[in-house]
Amino acid sequence: MVSVPGDLHPSWSVAPRPEGQRCLGRWAASVLALAPDGRPLFGGQAFTCAAPGGSPATASVDQLTILDCILQGARLYIVDLLAWKGYDLVNATRQFRHYWMVTKADEMHMSSASSPAHAYAVCVLPSAPCTRQAVWQAYHGAGLLQDAPVQDGLLFHHVDALYEPGYTPLTLVWKDARCSTHEVDSFDAGDVAHQQPHLVVLRCTADGRLQTADGVDLGDGAALERNRLHRFTIGGVDINAEAPTLLHCEYAGACSPAKRLAHSWSKIVFQSTVRNNQRLVTIETIVAGLPDQ
């Protein structure tokens, strides 16, 4: 989030975001975890949990369940869902999908702890309409997450949004040093994150243009391999320029073929402004225009 949506109330919900591995879980006798770009996680090893199809006892060939999750420790936090026991929910609104998740999880007692039969417990990530109280509660953790997991910022969802793979402006992440230990992205655990170069990933398109995941054009990449992701270090972004502009941009090499997603422009701007003490959105600006309850 680099600007506060004008309709934050009543059109958005907020949830605390647990730190962990983001994945898509495909339930069919066991769970296969996939990264957001489709790569199998954990060496393609499946595991079991208490969701439909998450174990041989609840398996059904024609009743596939697909959940968008964050895996932390021995718990899967359900952020969203695409399908439930064969019922396609991709074209349902976010508000309905969350209601469905909460209702079905309660019916199946899915939030019980892990057990010999289920390697991972399952918990629906709590979400509430954006009010001043709800945002502050999510910001401080305030009993919203079970087992007090490590937090990694806030998640905002537009309540009328359909499920979209990849980047969407209707799902926003915001964080600061108070609610996240990873306010600034890092790629070398041995260095202080703020002191590391700001590394961005862009796609060189078929016509030789450098673009972000959301299609923002950032200049000429004709000398680079087309239809591939490339890394760059930057000194920042010019937030006052009429067109999106990177400052002190230097080429850092082609990405591995395993890397499939470029960075979004909002992610680049957020990281740049935080690194350069130009933060555009604070927790105070988020709650400023919200009703108390």
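Two strands count as paired if DSSP finds at least two bridges between them. In this predicted model, strand 1 (residues 12-18) and strand 9 (residues 151-158) pair over six bridges, in the antiparallel sense. Within this pairing, proline 18 stands opposite glutamine 151 in strand 9.

Strands 1 and 9 belong to an open sheet of four strands. The order is 8-1-9-10, and the pairing is antiparallel. Strand 8 (128-129) and strand 10 (171-174) stand at the edges. Each has a single partner strand, so one side of each is left without a neighbour in the sheet. Helix 3 (residues 132-140) lies across strand 1, strand 8, strand 9 and strand 10. The helix runs at about 150° to strand 9.

The protein chain as a whole holds five helices and 17 strands. It has 293 residues, of which 45% count as buried. About 14,200 Å² of the chain is exposed. Carbon and sulfur atoms supply 52% of that area. Contacts between residues at least 6 apart in sequence were also examined. Of these, 62% join residues at least 24 apart.

Confidence varies along the protein chain. The mean pLDDT is 84, and 78% of residues reach 70 or more. Among the elements, strand 12 (residues 209-211) has the highest mean pLDDT, at 97. The lowest, 65, belongs to strand 3 (residues 31-34).

Notes:
Residues are numbered from 1 along each chain as its sequence is written. This is a predicted model: local features need pLDDT of at least 70, side-chain atom pairs count only at pLDDT 80 or more; totals for chains, interfaces and linings use all residues. Side-chain values use heavy atoms; hydrogens and water are left out. pLDDT is the predictor's confidence in each residue, from 0 to 100. Helices (H or I, at least four residues) and strands (E, at least two) are DSSP runs, numbered from the N terminus. Contact means heavy atoms within 4.5 Å. Axes are lines fitted to C-alpha atoms, for helices over the stretch in contact, and angles run from 0 to 180 degrees between N-to-C directions. Buried means under 20% relative accessible area, exposed over 50%, partly exposed in between (1.4 Å probe, protein chains only). Accessible areas come from the Shrake-Rupley method with a 1.4 Å probe; for residues, only the protein chains shown count as cover.
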